[in-house]
Amino acid sequence: LLAQIEQARLRISKNTAPKKKSQLGQFLTPKSTASFMAGLFSNMDVKDCHLLDPGAGMGSLACAFIDRCITDKVQFGTFKITAFELDNDIQDELANSLSIYKDLLPFTHEIFGQDFIEETINQIQFGQIDYYSHAIINPPYKKIGSDSRYRQLLRQAGIETVNLYSAFVALALCVLREKGQLVAIIPRSFCNGPYYRPFRDIILANTSIKHIHLFESRNAAFKDDGVLQENIIILLERGSEQGKVVVSTSTDDSFSDLEVQGYPFDQIVFPDDAEHFIHVPTPGNDRIDKRSKQFCHSLEDIGVNVSTGPVVDFRLKEHLRDLPEPGTVPLLYPGHFCNQKVEWPKTDLKKPNAIQRNDETEKWLFPTGYYCVVRRFSSKEERRRIVASLVQPNDIAQAEAIGFENHLNILHNNKQGLPESLALGLVIYLNSTVVDESFRRFSGHTQVNAADLKLIKYPGRTELMALGKSAGSVPLDQKAIDDLVEGINAV
Ligand SMILES: C[S@@+](CC[C@H](N)C(=O)[O-])C[C@H]1O[C@@H](n2cnc3c(N)ncnc32)[C@H](O)[C@@H]1O
C-alpha cells in the first residue's frame, strides 16, 4: 500500500506549483524515509495510541506508521490519528490515503483543516487536549518574524522560536503524554547557533534524545524537490531520563550504507558547553576523539587572529578597478582562489581585481604577507566545508598591500601577515579530513564564519609551523594533506 501512496506523492509533488511548495513548505516525505521514521518509535506497547501528524500533507507519515503497525502486528487497545493540514487541495488526498488502510487495521481519524499552531494553542488554553502517545512530523520550514502573530501565539505556550519547523516540534512536545515519543525530520540548523538555543533548551529540558539520524548528503532527504539542506531525523521521548544516544548515518534515503552506533550523552551535548550545541558524531568520530587530545589549542593560544574580509564591495564601489593600474593594490575575491593558492589577476572573473590605495581605503587593507584564507561559503560541488588557501606575496606580484573581500575569512596576526610556515601549516591543517569531520559535528551550516574558525581546536604553534615546513608548498592532494596531519604526532 505504501507504494500506492508513494505514486500519489510523486504525482502531487510534480503537479504542485513551486510557489505553493515554498509558501506552505510543502515538501512531502518519500516512502523510504517515512518508513525509516515510523520504524524508530520504541513505545509501540502503549495500550491507547493517539498519533499526531501535524502538517500532514497527503499523509505519507501517518500511513507509514500504520504500515509499521500492520507489518509488526502491533495491536493497540484504541488507535486514533489526528492530522492537521492547512491546504484544502491536499486534504482529500490525505483522507484518501488514510482510508486505504481502514480495512486492514481498526483506527479512527480526524483531519483538522486549521492551522496547527493556532488550533493547538487554542486547545491548550481551553484545556481540550487529548494528549498524544506518538507524533510523526515533517513540518513546514519558514522563518517566523519577531513581531508576527505566530511569535505572539507561541509565546503564550512558552515557546520562543524563529522558524515554523522548530515551532511545530516544540508545540508537539507540549501536547505529548509522559513517555510519549516524537519522530521528526528537520533541518540540522537547530543543533547550533544562538537563535535556536531556546528550542534546544525545550528539547533538553523536557525530553531525552534517543536517536539521531544524519543524512550525509545535503540533497538526500527531498531530492525530488531539489531541497538542498542538511536534514536529520530525531527521536525524542518526553519526560524520560537521558541515556545513551543512538546515532545513525546514511548517505541518502536509500539507507543502503546505514551505520549505527551508540554514544554517551556527553559526546552529544558537551557538559561544559553553555550554548548547548547538539553534536552529531559521524563515523570519523573515533579518529577525531583520538586526535582531540593533541589538537587542543585555540587560535588565541597560537597567536593567530581571524577576521572577515573587510572590503564590502558595494560600499567601496568607486575605488574598485577591473584590472590593476597605478595606485591600486590587489583585491581578492573567493573566485581568485584555486588549488589552495591565489590566481591573480583574473580577467574572466566578472569581479574587480584591484582596489585603489588611498586615505579612504587604507583602513580596509592588509599589508602584503603570508595569510591563510578560508572561504565563507562553500559551493555545492565542494566535498569539504572548509576550503583554505595560502596567500603569498609572489602570487600577487609582490604588491604592497591587499584587499580581502567580505566573502573570505583571513587568519592573520594583528592585521599583519603570519610566518610563512605557520600560514602554510594552517592551510594544510584546515584542509584535512579530520578537521572537516570535526567541523561537521558541530555545524549544520554550509557557511564557515570567523566565529566557527575560532571554535575549531588546533595543534600547537610549533607543530603547525613544522607542518608547514614539511608540506613545503601547495597545492597538495587530499591524501598528502591527511598523511601530513596524521604525522603531526611524530613532531
Ligand atoms: C513539509 S510538508 C510535509 C507533509 C507531510 N507531513 C509529509 O511528510 O509528506 C508540510 C505540510 O504542512 C502544511 N502546513 C504548512 N503550514 C501549516 C500550518 N500552519 N498548519 C497546518 N499545516 C500546515 C503544508 O501544506 C504541507 O503540506
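1. Helices and strands here are DSSP runs: a helix has at least four residues and a strand at least two. Counted in this way, the protein has 15 helices and 20 strands. The model is a predicted one.

2. On overall dimensions, the C-alpha trace spans about 80 × 50 × 40 Å along its principal axes. The protein exposes about 21300 Å², and 49% of that area is supplied by carbon and sulfur atoms.

3. On burial, the protein has 491 residues, and 55% of them are buried. A residue is called buried when its relative accessible area is under 20%.

4. On contacts along the chain, consider the pairs with a separation of 6 or more. Of these contacts, 78% are between residues 24 or more positions apart.

5. Which residues come nearest to the ligand? There are 22 residues around the ligand, and G25, T29, G55, E85 and F116 come nearest. By type, the shell around the ligand divides into 11 nonpolar, seven polar and four charged residues. Glycine is placed with the polar residues in this division.

6. Three polar contacts of the ligand can be checked in the structure. In the side chain of T29, an N or O atom is 2.4 Å from an oxygen atom of the ligand. For G55, a polar backbone atom is 2.7 Å from a nitrogen atom of the ligand. For F116, a polar backbone atom is 2.9 Å from a ligand nitrogen atom.

7. How much of the ligand does the protein bury? The ligand taken alone exposes 590 Å², and the protein buries 99% of that area.

Notes. Residues numbered from 1 in each chain as written. Predicted model: local features only at pLDDT ≥ 70, side-chain atom pairs only at ≥ 80, totals over all residues. Heavy atoms only, no water. Near = heavy atom within 4 Å. Polar contact = N/O pair within 3.5 Å; in protein donor to acceptor, adjacent residues only side chain to side chain. Areas by Shrake-Rupley, 256 points an atom, 1.4 Å probe, with all protein chains shown as cover. Buried < 20%, exposed > 50% of the residue type's maximum accessible area, 1.4 Å probe, protein only. Contact = heavy atoms within 4.5 Å.
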